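Work through the exercises below with the sequence and the structure at hand. Each task is followed by its solution in steps.

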Amino acid sequence: MSLITAENVSKTYISGEITIDALKGLNFTIEPASFISFVGPSGSGKTTLLNLIGCLDAPTSGTLKVSDADVSLLGRKSAADFRGKNIGFIFQDFNLLPVLTVYENVEYPLLMVQDTPAEERRSRVLSLLDSVGMVGQKDKYPDQISGGQKQRVAVARALVTKPKLVLADEPTANLDHKTAYMVINIMKKMKDESGTTFIFSTHDQKVVGEAETIFTLEDGELAGKRTQGGNGHA
Ligand code: ADP
Ligand code: MG
């Protein structure tokens, strides 16, 4: 069964006299344990779509199902609960909390949404930090590590609640190409290890080649879907 099903999903923003059709009748499915990218120029609707999948906003029309929940029908409180249990987020500007150490940043979502015993928290945090190659930096603060290292910590943080889905809106926009490529490959490795589906958006053709399936957005419409096996390095 598909993890995500979009049927005729549209999103229209209305501000005053101006109406913007940001998404125009999208249809697609995404399977569990996949590594997906939405690519398209600025303004094509990537952030709008990821916000809908992440239950941060609701479609204007159409049906969007994520892990069997119809996200257009969730109220605010249940959307927040659903997010906490099912979805991890990675941001363009990393969004680590500056007053917390690397270790504490990764542990933080567990303290917020789940009643996980201390020993289990500790072993999960350390094992994820190990997987992203950051266990040696666990006591540092965000301003003591590089951008690429921050994003690796953010990948660990997104996975700590064992979500079914991780969403990353332009996760490499603030990284140089080499680091961007490394971070995408860490995400891919974590997908293989955890079975969590990763969806990232980008306008960077150099990193998009690493995705297994690439959806192209153009002006709010799905302009193409490409699936590639093995190492998709272009
Ligand atoms: P992308 O992430 O691909 O750059 P967005 O999803 O941010 O694209 O934007 C798609 C379109 O919707 C753009 O025309 C943008 O200006 C418009 N848009 C995005 N968010 C809002 C909003 N909150 N209110 C009004 N228009 C918006
Ligand atoms: Mg965007």
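**Exercise 1: a short helix**

Helix α1 is followed by C55, whose phi is positive, near 60 degrees. The model is a predicted one, in which local features need pLDDT of at least 70, side-chain atom pairs count only at pLDDT 80 or more, and totals for chains, interfaces and linings use all residues. Residues are numbered from 1 along each chain as its sequence is written, chains are lettered from A and ligands numbered from 1 in the order in which they are written, and side-chain values use heavy atoms, with hydrogens and water left out.

Task: find which residues of α1 are buried.

Solution. Step 1: take helices (H or I, at least four residues) and strands (E, at least two) as DSSP runs, numbered from the N terminus. Helix α1 covers residues 46–53. Step 2: apply the term buried (under 20% relative accessible area, with exposed over 50% and partly exposed in between; 1.4 Å probe, protein chains only). K46, T48, L49, L50, L52 and I53 of α1 meet it. Step 3: with six of its eight residues buried, α1 is mostly covered.

**Exercise 2: two helices in contact**

Task: describe how α3 and α5 pack.

Solution. Step 1: fit axes as lines to C-alpha atoms, for helices over the stretch in contact, and take angles from 0 to 180 degrees between N-to-C directions. Helix α3 (residues 102–113) and helix α5 (residues 147–159) pack at about 30 degrees, their axes 7 Å apart. Step 2: α3 is therefore roughly parallel to α5, a term for angles under 35 degrees (over 145 is roughly antiparallel, 65 to 115 roughly perpendicular, the rest oblique). Step 3: list the contacts (heavy atoms within 4.5 Å). From α3 come V102, N105, V106 and P109, and from α5 come V153, A156 and R157.

**Exercise 3: a loop residue**

Task: where does I145 lie, and is I145 buried or exposed?

Solution. Step 1: I145 is in the loop between α4 and α5. Step 2: I145 has a relative accessible area of 8%, so I145 is buried. Step 3: beyond its neighbours within four places in sequence, I145 is in contact with V102, M134, Q137, K140, K150 and V153. Step 4: V102 is 43 residues from I145 along the chain, and their C-alpha atoms are separated by 9.2 Å.

**Exercise 4: one residue and its partners**

Task: which residues does L129 touch?

Solution. Leave out residues up to four places away in sequence; L129 then touches V102, Y103, V106, M134, V135, K138 and A156.
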